[in-house]
Amino acid sequence: MGQCLSDEWHQVVIDALDANGNKEVEFEHQDHLLSLTFSPIVEAGYVNVYGLDITERRRAEQALIQASRLEATATLAGGIA
């Protein structure tokens, strides 16, 4: 609060204002994966930022992908045998 934005975040805000639409950004911070949605209020010249910790959801997605790969490998191995 009350601090200047880095150039990278400043550009995200500018992009959201220019597009007059939401801009979503994901990034890692201290072992957490965060999703930020920049929602512009163009007529007022500012952007609301909504954040969500998606760490657990992403881990669950990765576990599901890994399980699917293992299942496919087992099916292939069973077919070969």
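By about how many helical turns are Arg-58 and Glu-61 separated in helix α2? Being three residues apart in helix α2, the two are separated by about one helical turn. An α-helix has 3.6 residues a turn, so residues three or four places apart point the same way. The structure is a predicted model, in which local features need pLDDT of at least 70 and side-chain atom pairs count only at pLDDT 80 or more, while totals for chains, interfaces and linings use all residues. Residues are numbered from 1 along each chain as its sequence is written, and side-chain values use heavy atoms, with hydrogens and water left out. Helices (H or I, at least four residues) and strands (E, at least two) are DSSP runs numbered from the N terminus.

Three salt bridges are present in the structure, a salt bridge being a side-chain nitrogen of Lys or Arg within 4 Å of a carboxyl oxygen of Asp or Glu. The side chains of Arg-58 and Glu-61 form one of them, at 3.1 Å from N to O. Arg-58 also forms a salt bridge with Glu-26, with the closest N and O atoms 3.2 Å apart. Because Glu-26 lies in strand β1 and Arg-58 in helix α2, this pair ties together parts that are 32 residues apart in sequence. Glu-26, Arg-58 and Glu-61 are thus linked in a network of salt bridges. Accessibility is classed as buried (under 20% relative accessible area), exposed (over 50%) or partly exposed (in between), with a 1.4 Å probe and protein chains only. Glu-26 is partly exposed at 43%, as are Arg-58 at 28% and Glu-61 at 35%. A salt bridge also joins Arg-59 and Glu-56, whose closest N and O atoms are 3.0 Å apart. Arg-59 and Glu-56 are three residues apart in helix α2 and separated by about one helical turn. Arg-59 is partly exposed, with a relative accessibility of 49%, whereas Glu-56 is exposed at 56%.

Helix α2 covers residues 55-80 and includes Thr-55. Thr-55 counts as buried, at 8% relative accessibility. Its side chain is joined to that of Asp-53 by a polar contact of 2.5 Å. A polar contact is a pair of N or O atoms within 3.5 Å; within protein, one must be able to donate a hydrogen and the other to accept it, and residues adjacent in sequence count only if both atoms are side-chain atoms. Apart from neighbours within four places in sequence, Thr-55 is in contact (heavy atoms within 4.5 Å) with Asp-31, His-32 and Leu-33.

Helix α1 (residues 7-19) has 13 residues, and its end C-alpha atoms are 18 Å apart, in agreement with the 18 Å expected at 1.5 Å a residue. The expected span is 1.5 Å times one less than the number of residues. Val-12, Val-13 and Ala-16 are buried in α1. Seen down the helix axis, the buried residues of α1 fall within an arc of 95 degrees, so they line one face of the helix; the arc is that of the directions from the axis to the C-beta atoms. These buried residues pack against β1, β2 and β3 (46-53). Asp-7 and Asp-18, on the other side of α1, are exposed. Asn-20, just after α1, takes a positive phi of about 55 degrees.

Two aromatic pairs are counted. Rings of Phe, Tyr and Trp (its six-membered ring) pair if their centres lie within 6.5 Å, and planes under 30 degrees apart count as stacked, over 60 as edge-to-face and the rest as tilted. Trp-9 and Phe-27 form an edge-to-face pair, at 5.2 Å centre to centre and with 70 degrees between the planes. Trp-9 lies in helix α1 and Phe-27 in strand β1, so this pair ties together parts that are 18 residues apart in sequence. The rings of Trp-9 and Phe-38 are stacked, with centres 5.7 Å apart and planes at 25 degrees. This second pair links Trp-9 in helix α1 to Phe-38 in strand β2, 29 residues apart. Phe-27 is partly exposed at 24% relative accessibility, and Phe-38 is buried at 4%. Ring pairs link Trp-9, Phe-27 and Phe-38 into a cluster.

In the loop between β1 (23-29) and β2, Gln-30 has a positive phi of about 50 degrees although it is not a glycine. Asp-31 lies in the loop between β1 and β2 and, although not a glycine, has a positive phi of about 65 degrees. Gln-30 is exposed at 65%, and Asp-31 is exposed at 67%.
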